[in-house]
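Student: I am new to this structure and would be grateful for a close look at a single part of it, the aromatic rings and what surrounds them. Please take me through that part in one connected account.

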Amino acid sequence: MKDPLIQIWRRGLSITITVVLAITLSACGPAKSTLPSRLVVPTPSGPATFNYPLNSSAYSVFGYIYDSLLRENPYTSELEPSLAESWEVSADGQKIVITLRDNLKWSDGEDMTVDDIIFTYNQIYLNEKIPSGAADILRVGETGQFPTVKKLDDRRVEFSVPEPFAPFLRYAGGLPILPAHALAESVNTLDEDGNPVFLSTWGTDTDPDKIVGNGAYRLESYAQNQRVILQKNPYYWRQDEQGNEQPYIEQIVWQIMESTDTQLLNFRSGALDSLDVQPEAYPLLKPEEKRGKYTIYTSGPDTGTVSLAFNLNQGRNATTDQPFVQPVKSRWFNNKQFRQAIYYAINREVMKNNIYLGLGALKHSPIPVQSPYYLSPEEGLKTYEFNLEKAKEILAQEGFKLKNGRLVDQEDNPVQWTIMIASGNKIRAQMATQITQDLAKLGIKVYTQPLEFNAYVNRLRNRNWETYLGGFTGGFEPHGGYVIWSVDGRLHSFNQGPQPGQEDIVGWKVADWEQQIDDLYVQASQELDEEKRQELYGQAQQIIAEELPFLYMVNPLSFEAIRDRIENLEYTPLGGAFWNLYELKIEE
């Protein structure tokens with residue numbers, strides 16, 4: 001699984017929506033799976049919050065504690081009912097009427113109704129005082145208007161948009177619904193700064209009994225840096241054909257293990273029931289399948305991205321009145337030719353072969369190759385194969401030169417910076433090491449700064465970094481990435497503007513090409529003709545490949561090892577191993 005900003009669910013349609021439409025199973029301690037109805041899975045980091053709209057971390061429990069109105073079929077990606085019983089779309093595609101199932105309950109036993117849907121959208125997702133990635137993807141058209149949501153009766157709700165919006169149904173049906181009875185007071189009560197108390201509600205220090213959901217599990221306990229324990233929700237709506245309550249597995253233990261090496265050791269010892277298999281571990285684990293009583297599954301190339309990003313923000317910190325990036329470095333970073341030269345100097349073929357043992361492919365675009373909207377190099381996408389001489393040539397043209405073996409700029413400033421990475425991720429650490437070695441051949445000194453995951457996310461959020469190596473989840477529907485490409489988007493990390501509730505940033509500038517990408521994504525979301533949508537996303541990919549806000553690295557093949565004692569497992573490339581968690585059983 002990836003880092004936050006985006007990368008939240010492995011198979012996702014979008015960076016935000018897939019957080020709900022799929023179950024992410026990722027989580028240090030030797031909690032061996034001894035109970036027949038307990039599933040133990042690892043995660044590199046604990047949750048950053050239990051408040052879904054405020055979450056920007058890749059590692060969260062929301063897939064366990066929430067269901068969405070609709071969900072994707074894990075074989076076809078077609079939408080099918082979940083909390084909703086049915087839906088109707090108007091002929092012009094601008095109205096959707098969703099009918100809720102009868103007798104739904106929250107995990108505390110309270111009734112779930114259409115009023116909860118109205119509350120969730122109108123008072124949380126569309127509330128300008130609550131910063132949420134959901135708002136970014138729900139904006140419609142060039143004016144950025146939001147959908148309107150209104151109650152028709154006790155079980156029916158109507159969503160409408162002012163103009164055609166291609167991903168409308170997936171978004172209307174894909175976001176979690178939150179409990180009005182538990183959260184309305186916090187939304188309507190303002191603190192001394194005039195912000196909703198909701199912004200400090202349901203943090204990781206909250207009593208687990210107060211966290212209310214509608215998914216298959218509810219929060220039982222959280223021990224920081226150790227584990228999250230989730231217990232079967234007794235009020236969950238699903239039943240099998242014989243009328244037995246689902247899910248069958250009583251307990252999920254989300255074990256926090258920052259190091260991928262620690263995860264591997266615990267899996268091999270039998271302490272874990274699943275493992276995201278890193279490429280270097282595949283040759284070790286594959287021959288042991290039968291003896292270890294597990295199976296390794298693959299969903300093909302990872303649909304997410306891992307990239308090196310430069311901080312292009314030219315603004316100043318309002319508290320310190322200091323620039324986010326030193327002006328000298330900001331001039332380098334904001335030079336497109338400089339970014340291109342750096343990309344040419346990184347030997348990604350060596351990265352693929354040494355780090356991923358050849359089990360991967362070079363990444364060129366934010367849109368996965370499996371998506372119909374992907375623009376291939378054969379169709380005109382610009383690519384950057386390793387070419388050290390070309391990198392040197394570009395830098396020389398831009399006034400950079402070698403001095404005593406070090407690359408300096410026109411003013412003799414030595415070219416150096418720091419790459420921020422999340423600690424514990426061995427692959428990212430190896431990537432950062434190779435990048436520093438490759439760039440040293442240009443005379444550039446690069447330092448690596450590993451940070452605990454949530455500290456890493458906070459640095460990104462506060463714009464306090466020079467470059468970072470991180471990842472986003474990807475999806476077949478590109479508009480899910482609008483939260484990244486909108487100039488006002490919450491995940492527009494390479495040039496993060498002011499977010500709701502924040503002061504304006506002095507000196508913050510939006511480049512013309514940034515706005516062009518934003519505009520193309522908006523136009524594509526309005527276009528219902530699939531060929532025209534492909535053309536628009538193709539244009540956006542060409543600009544991204546030219547301007548390089550992200551230097552994409554390598555897409556590995558995805559492998560997941562699952563214990564054979566888990567029954568009813570149906571692994572699919574779209575849904576992964578646990579899309580039908582409610583049907584799974586532990587062999588006694």
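**The aromatic rings and their surroundings**

Tutor: Lys-585 lies over the face of Tyr-248, 4.6 Å from the centre of the ring. This placement, like everything that follows, is read from a predicted model. A second charge over a ring is that of Arg-238, whose charged end sits 4.0 Å from the centre of the Tyr-582 ring.

Rings also pair with one another, and the structure holds 34 aromatic pairs. In one of them, the ring centres of Phe-310 and Phe-333 are 5.0 Å apart and the planes meet at 45°, so this pair is tilted. Phe-310 belongs to strand β13 (residues 305–310) and Phe-333 to helix α10 (residues 327–333), so the pair ties together parts that are 23 residues apart in sequence. Phe-310 is buried, at a relative accessible area of 1%, and Phe-333 is buried as well, at 0%.

Phe-338 and Trp-417 form an edge-to-face pair, with 6.0 Å between centres and 70° between planes. Because Phe-338 lies in helix α11 (residues 336–345) and Trp-417 in strand β17 (residues 416–422), their pairing ties together parts 79 residues apart in sequence. Both Phe-338 and Trp-417 are buried.

These two residues lead on to the largest nonpolar core, which has 152 residues; among the members that touch the most others are Phe-338, Trp-417 and Leu-439. Helix α3 (residues 114–125) gives the most to this core, with seven residues. Beyond its neighbours within four places in sequence, Leu-439 is in contact with residues including Trp-417, Ile-342 and Val-446.

Finally, ring pairs link Tyr-52, Phe-62, Tyr-66, Tyr-121, Tyr-125 and Phe-159 into a cluster.

Methods: Residues numbered from 1 in each chain as written. Predicted model: local features only at pLDDT ≥ 70, side-chain atom pairs only at ≥ 80, totals over all residues. Heavy atoms only, no water. Core = buried A, V, L, I, M, F, W, Y, C linked by side-chain atoms within 4.5 Å. Buried < 20%, exposed > 50% of the residue type's maximum accessible area, 1.4 Å probe, protein only. Helix = DSSP H or I, 4+ residues; strand = E, 2+ residues; numbered from the N terminus. Contact = heavy atoms within 4.5 Å. Phe/Tyr/Trp six-rings, centres within 6.5 Å; stacked < 30°, edge-to-face > 60°. Lys NZ or Arg CZ within 6 Å of the ring centre and 35° of its normal.
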